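Trainee: I have just opened this file and would welcome a guided look at it. Could we go through it together?

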Amino acid sequence: MLSYTSINQNIVSKIVNIFNKENTPVWFDSNGDTKTDMYDSLAEGVENAAAVCCFLTSDYEQSLNCQSELQYAQKRQKPIIPCMLTSATTWKPSDWLEEITRGLVLVDFHDVSESNIDYKVIDLITEIQKQITATSHQRMQSIEEPSYLFELIKWDYKQNSRIERLMNPAESFSIEESYINLAIVDSKELQGKEKKLRDANQHETIMGTFEDIYAVKTPINIKDIFNTCKEFGKKVLVFGRAGIGKSTFCRYVSHQWAKSALWPEYNLVVLISLRSLTENRYPPLPSGKSYSLVDIVAKECFSRDLSEKDKSLLKGLLNKSIVLWLLDGYDEIAQNVPSHLHRVFEQLLNTSHHIVTSRPYFNTFSRSVRAEIVGFTDENISKYVEVFVNQLRDKFLNALFEGEKVLKFLRVNPRIWGIAHIPVNLELICSIWSGTDWSETTNLTMTALYEDMTVWLCRRYLASKGTSIQITNMKLSDQQQHNFTKRITPKVMRNIRCSPQTYSDALHTRDPSQIYSDALHIGILKSFDNGPTGTQIELDKNHYFVHLSFQEFFAARHLVQLLNSTTRDKAIQFIKTHKYDKRLQLVFIFASGLLIPSEDKQSVDTFWDTIYGDPHDLVGIRHMQLVTVFLDETQCGSEVPHRRQSISLLLNWIRFAITQNNFKLQETTAMTIKSCSKIQNLPEVQNELASFLNTAAKEQKSRIAIFIGRLNITDPHNQLLESFLLQLEYNDANIREAVCKSLENMGEKAAKRQVTDRLVVALGDQDWQLRLSASSTLGAMGEKAATSHVIDGLAVALRDQDHQVRQSACRALGAMGEKAATSQ
């Protein structure tokens, strides 16, 4: 067998011709390393070769296909004859290639001419015969049976080394750049917290977000994920929210295993996307027959149909090898496994070594070891944005500046910043940014974001659409922008908890309209099948939403349609039944945002009346959280029903939490408000907080100030600031320090003249802690506070008798930049 790169095809073809003239049988692929299917190279070429000649260049060393061929030849103990096509003085093998060729006799082909190439080939044939003879006389180690099927799976993992952008598959990034953040969770503690989550109406302390429930985490390295498995076999549950990166995790670890960088103890790692276990992909078999694990692996891991011989070989390999199964998407199939696939599904879950991924709300089976994918950290978000905008340098004159604009936009929109920690959401946001400048937007709602994303997808599709698709009656107006997707919502509400197969069933109405066909191509739906799209056959495929949040967005659209229809009672009953179900919270958030532009006031009133109607959350805080978030999604417009009641409810909970001195309740309420960029900046909310601070008992004032400091107020009103300044007159160190800390958290947004003047006065206070807090607060305000009066006050503080105050004043002047440096 001859192994070579396509760039050297000419010289290898000449060598093949000479081999033929010398009646020496030779196997080679005329495509070299550009072949797209490695089956023939491994199953035919390497397996049947008496020896393997590899023609070495630096390109050969970089070729994944050549690496797979040569490593398998070594594994099968085939004689390997390296042929140098490059001078050894300018290049030598390294890395994996050096390990294989170390100590072997090299045949020099780097300087051959038409006159001497025949002689060189004769020398090569002689060396081949010599190596074959020597090998036959050597005492060989036991040779394993052919495992080219395993090698083909490994090759596929290495070949698929890039993650396509969800919104633009033409762009991709290396799988090595994917950020996988795992945290181990104690199973006993986790089970207790999950019980509290299920019994969420019992006590206010468990009313926080799901992330709060799982707040105690210990980071682990991926390679150590099995270390805590005590029983026979290694069985781990990896859970995480939709879009958090569970599938990317599976692709990443399988790729690392294929590179021999992870879990070398496993002969094979099998990655199975459980959502593929559909009746369409696996139709029922004749009576008495059923699908086996071999059938699943053959279907999911190979691009070609395996022969019966190969299936028999695969069965033997699976039985004799240590195999790790990666079972991705348990939550997407568990409730919808076709009856004839129940047996093989159970077999997958009962394998001795496996990792199962699932969303946390769908854990219906027990595993002693659980890990959570927690998504992007704040630092990951910054890095991702940097990489993303750099890939679009042709669109942006200054990618660095554009990236900073994106991050600024995210930070001033707390709910958008929150969802940006989910990788798929951040990609969607960055994709839209490339065509929509949100830099001046300070209050972008979730609904507006998904409206923009849908429009962006439609525009992209229209721009790239070929002439074979004609839609003459469609314009992308405000009223018609969702024509493409209107066919995919009718059955969503009834099946919101079901697998994507259900949504595929809703699609298959055989509607001949072009709009329906186009809906499959925009990018909101993806096909289970890997075949080409754009033909009528696409209608026969199984589809699923590209991301769960799109499913919820269109579920909300359908809910709004129901409220506007004669079947309004169905929508009302659905809201009553599920309004406190955290799994459906995003559906109702979207619905509240979609309803406000509606001209049907009755539908808006019905939605809010139902939210406020029976049944009620027994404790009440969950209800407060819901109406607060819903109100914020509407931008708190005066036309929103129950607006005053919702704000009053929120304020009552704030007062209750503080007067009861319930820290957990205060934290939960503050987190709810912090996620609502509009509500915390409403004059009536800030004025009420100011009034509460002014009239509260002395022992409550510091708690109120600390509570306000936890928020993300971007537009502090004068009445609130005046209230803060009034508290600085109190002869209580705790109150004054809490007020300064809150002002420090507001930073430059609180840098108004009356505030900075009062802080300068505090720089001369007898209490060194107040002097320290005042200088630190002025530093947080930065250049916005850099008046001559402030700079003079900080300059005096540089001579303070307390060294901490001096250091803080120095840092504050540094934060004020040039203005402080040039001041007299």
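**Phe 607 and the cores**

Mentor: Let us begin with Phe 607, which, leaving aside neighbours within four places in sequence, is in contact with Leu 563, Ile 575, Phe 588, Ala 591, Ser 592, Leu 595 and Phe 630. Please keep in mind that this is a predicted model.

Trainee: Which residues touch the most other members of the largest nonpolar core?

Mentor: They are Leu 410 and Phe 607, in a core of 130 residues. Helix α22, residues 548-563, gives the most to this core, with nine residues. Apart from it lies another core, of 89 residues, including Val 46, Cys 54, Leu 97 and Leu 348.

Trainee: Why might such side chains gather?

Mentor: In soluble globular proteins, nonpolar side chains tend to be buried together.

Trainee: How much of the chain is buried?

Mentor: Buried residues make up 55% of the 824 residues in the chain. The chain exposes about 37700 Å², of which carbon and sulfur atoms supply 48%.

Trainee: And how many helices and strands are there?

Mentor: The chain has 37 helices and 15 strands. Among its contacts with a separation of 6 or more, 75% are between residues 24 or more positions apart.

Trainee: Changing topic, how many salt bridges does a search of the whole structure find?

Mentor: The search finds 24. In one of them, the side chains of Lys 259 and Glu 176 meet at 2.9 Å, N to O. Lys 259 lies in the loop between α10 and β10, and Glu 176 in the loop between β6 and β7, so the pair ties together parts that are 83 residues apart in sequence.

Trainee: Are those two buried or exposed?

Mentor: Neither word fits: Lys 259 is partly exposed, with a relative accessible area of 42%, and Glu 176 is also partly exposed, at 37%.

Trainee: What about Arg 359 and Asp 331?

Mentor: Their side chains meet in a salt bridge of 2.7 Å, N to O. Arg 359 is in the loop between β12 and β13, and Asp 331 is in helix α13, so this pair ties together parts that are 28 residues apart in sequence. Arg 359 counts as buried because its relative accessibility is 18%, under the 20% cut-off. Asp 331 is buried as well, with a relative accessible area of 7%. Elsewhere, salt bridges that share partners join Arg 736, Asp 765 and Asp 767 into one network.

Trainee: Which side chain of opposite charge is nearest to Asp 328?

Mentor: That is Arg 275, 5.7 Å away; Asp 328 is buried yet has no salt bridge. A salt bridge requires the nitrogen and the carboxyl oxygen to be within 4 Å.

Trainee: What does the Asp 328 side chain join through a polar contact, then?

Mentor: It joins the side chain of Ser 247, at 2.6 Å. Asp 328 lies in strand β11, residues 323-328. Not counting residues up to four places away in sequence, Asp 328 touches several others, among them Lys 246, Cys 250, Leu 271 and Thr 357.

Trainee: One last residue: where is Gln 131?

Mentor: Gln 131 is found in helix α6, residues 117-137. It counts as partly exposed, at 21% relative accessibility. A polar contact of 2.8 Å joins its side chain to that of Glu 127. Leaving out residues up to four places away in sequence, Gln 131 touches Pro 79 and Ile 81. The C-alpha atoms of Gln 131 and Ala 50 are separated by 9.5 Å, with their positions 81 residues apart along the chain.

Methods:
Residues are numbered from 1 along each chain as its sequence is written. This is a predicted model: local features need pLDDT of at least 70, side-chain atom pairs count only at pLDDT 80 or more; totals for chains, interfaces and linings use all residues. Side-chain values use heavy atoms; hydrogens and water are left out. Helices (H or I, at least four residues) and strands (E, at least two) are DSSP runs, numbered from the N terminus. Buried means under 20% relative accessible area, exposed over 50%, partly exposed in between (1.4 Å probe, protein chains only). Lys and Arg count as positive and Asp and Glu as negative; His and the chain ends are not counted. A polar contact is a pair of N or O atoms within 3.5 Å; within protein, one must be able to donate a hydrogen and the other to accept it, and residues adjacent in sequence count only if both atoms are side-chain atoms. Contact means heavy atoms within 4.5 Å. A nonpolar core is a set of buried Ala, Val, Leu, Ile, Met, Phe, Trp, Tyr and Cys residues joined through side-chain atoms within 4.5 Å. Accessible areas come from the Shrake-Rupley method with a 1.4 Å probe; for residues, only the protein chains shown count as cover.
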